Amino acid sequence: MFLIKNLTRISPTTSSIVTRFRSTGSFTLASRFCTASETQIQSPAKFSNDVDRSQYSGLSPTREGEKPRVVVLGSGWAGCRLMKGIDTNIYDVVCVSPRNHMVFTPLLASTCVGTLEFRSVAEPISRIQPAISREPGSYFFLANCSRLDAEAHEVHCETLTDGLNTLKPWKFKIAYDKLVVASGAEASTFGIQGVMENAIFLREVHHAQEIRRKLLLNLMLSDTPGISKEEKKRLLHCVVVGGGPTGVEFSGELSDFIMKDVRQRYSHVKDDIHVTLIEARDILSSFDDRLRRYAIKQLNKSGVRFVRGIVKDVQSQKLILDDGTEVPYGLLVWSTGVGPSSFVRSLGLPKDPTGRIGIDEWMRVPSVQDVFAIGDCSGYLETTGKPTLPALAQVAEREGKYLANLLNKIGKANGGRANSAKEIELGAPFVYKHLGSMATIGRYKALVDLRESKDAKGISMTGFVSWFIWRSAYLTRVVSWRNRFYVAINWFTTFVFGRDISRI
């Protein structure tokens, strides 16, 4: 951060030189960036936040003799799977994302209560695609994309500075030959007042960290002498809104934590802590009735209370349902699905019926050249006649794998440059086949449904065997051997010694 604060200032009369930090620990001028005909270097002391950051030009279009550039917006399941499969002998890869890692979301709920450590579910981008840290034309930028200029083949970006008052974000542009929008989606609040201010989502590692700190803080505050009985019950009431897999799995992990750890280490409050799961319709709607009934039965045994209702208002210490019922809470976790992000909504691209970026069967955005969209931010256009695919990790991952193979094929046919792939045969379109669904519900129990749909024939099971399958499947799906080792060790230490209750 010291180095960033002391970047040299470029004269406003000229274009700027964008510098890159290498593993050597110093900043070097990169010939691939736009250069200026004349520069004036000023001392770091004269560097001011009033500098017009728009003067920083960024990455210029690729030249003859250089590899074509694929720009990936996002570091989720779709974007990371694409970067992992892209052939870096054909392309330079540039990733723009507000985080420098991928989150293994199926195990994120386990980190909230100390079953797993946070680093076990975070995989650095440089490990997924090593070329980003070693190839001269490949980069990772910690930034957000603010605008797309499809005609000029450019994206406009703005850096993240982590809220520091001493350094304002600066803007830059990146020219692309192929652009892949994989920016994901954002949590759906349905316009309910107070959700953004008072609820915690469960989509990122920092969300899990916030939930963990809030939960442990409430446990300790509730044991304070002189606290009223009503306030104690409120602090120890954990409310989860949303009965999908994420909400149910978090409720199961939380009930396990209460039964196995809280009752041993917080014996003074063990009878006052409760979990309530609020859902407008049926929980786990993607599973059949038999599996849903089993899940409800097991969660009830674990002490999870179900409330069917629609949240109308969220206040700092209570939420209000559509029938007027007031539900006090100390911890509120919001898990009601996802919708298009503000960035996706701002793009002047065709949209699918749900507001996501409209694509064809080859993941292309038909109205512009060399732009693709994958993952939760995209959906089939109505003209394709295909239904919108669910916002699932397995969908995003397989779209990323398909598009990586497609771009490799285009690159080998000399279509990697901008506007050069119009006549290339793309081959078979993307076809999604559902591999099944799994969800853990605590107490060494889980649901496993390996059918293509809940009405199809196939294998579905519950109980301990399902829980063992769930753990085995996700352990093999963790991206790297390093994190698989972390996860296995965390599971073992939790089983032997219990969960870590340190509030760090």
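Here are a few exercises on the sheets and helices of this structure, each with a worked solution.

This is a predicted model, in which local features need pLDDT of at least 70, side-chain atom pairs count only at pLDDT 80 or more, and totals for chains, interfaces and linings use all residues. Residues are numbered from 1 along each chain as its sequence is written, and side-chain values use heavy atoms, with hydrogens and water left out.

**Exercise 1. Find the order of the strands in the five-stranded open sheet, and name its edge strands.**

Step 1: Helices (H or I, at least four residues) and strands (E, at least two) are DSSP runs, numbered from the N terminus. Two strands pair if DSSP finds at least two bridges between them.

Step 2: Following the pairs across the sheet gives β13-β20-β14-β15-β16, with parallel pairing.

Step 3: β13 (200–201) and β16 (304–308) each pair on one side only, and these are the edge strands.

Step 4: Now look inside the sheet. β14 (residues 237–241) and β20 (residues 331–334) are joined in the parallel sense by four bridges, and C238 stands opposite L331 in β20.

**Exercise 2. Describe the three-stranded open sheet and the helices that lie on it.**

Step 1: The order here is β25-β26-β27, and the pairing is antiparallel. At the edges are β25 (437–442) and β27 (460–463), each paired on one side only.

Step 2: From one strand to the next, the twist averages 5°. For such angles, axes are lines fitted to C-alpha atoms (for helices over the stretch in contact), and angles run from 0 to 180 degrees between N-to-C directions.

Step 3: β26 (residues 445–449) runs antiparallel to β27, with four bridges between them. The bridge partner of A446 in β27 is G463.

Step 4: Helix α13 (residues 464–477) packs on this sheet and touches β25, β26 and β27 (contact means heavy atoms within 4.5 Å). The direction of α13 makes about 105° with that of β27. Helix α10 (residues 289–301) also lies across β25, β26 and β27, running at about 10° to β27.

**Exercise 3. Work out how α13 and α14 are arranged, and which residues make their contact.**

Step 1: The axes of α13 and α14 (residues 481–497) come within 9 Å and cross at roughly 150°.

Step 2: Angles under 35 degrees count as roughly parallel, over 145 as roughly antiparallel, 65 to 115 as roughly perpendicular and the rest as oblique. The two helices, α13 and α14, are therefore roughly antiparallel to each other.

Step 3: On the α13 side the contact is made by R471, L475 and T476, and on the α14 side by R484, V487, A488 and W491.

Step 4: Sorted by class, this contact of α13 with α14 has four nonpolar, one polar and two charged residues. Ala, Val, Leu, Ile, Met, Phe, Trp, Tyr, Cys and Pro count as nonpolar, Asp, Glu, Lys and Arg as charged, and the others, Gly among them, as polar.

**Exercise 4. Sort the residues of the contact between α7 and α9 by class.**

Step 1: The axes of α7 (residues 205–221) and α9 (residues 245–265) come within 14 Å and cross at roughly 35°.

Step 2: I211, L215, L216 and L219 of α7 meet F250, L254, F257 and V262 of α9.

Step 3: The contact of α7 with α9 has eight nonpolar, no polar and no charged residues.
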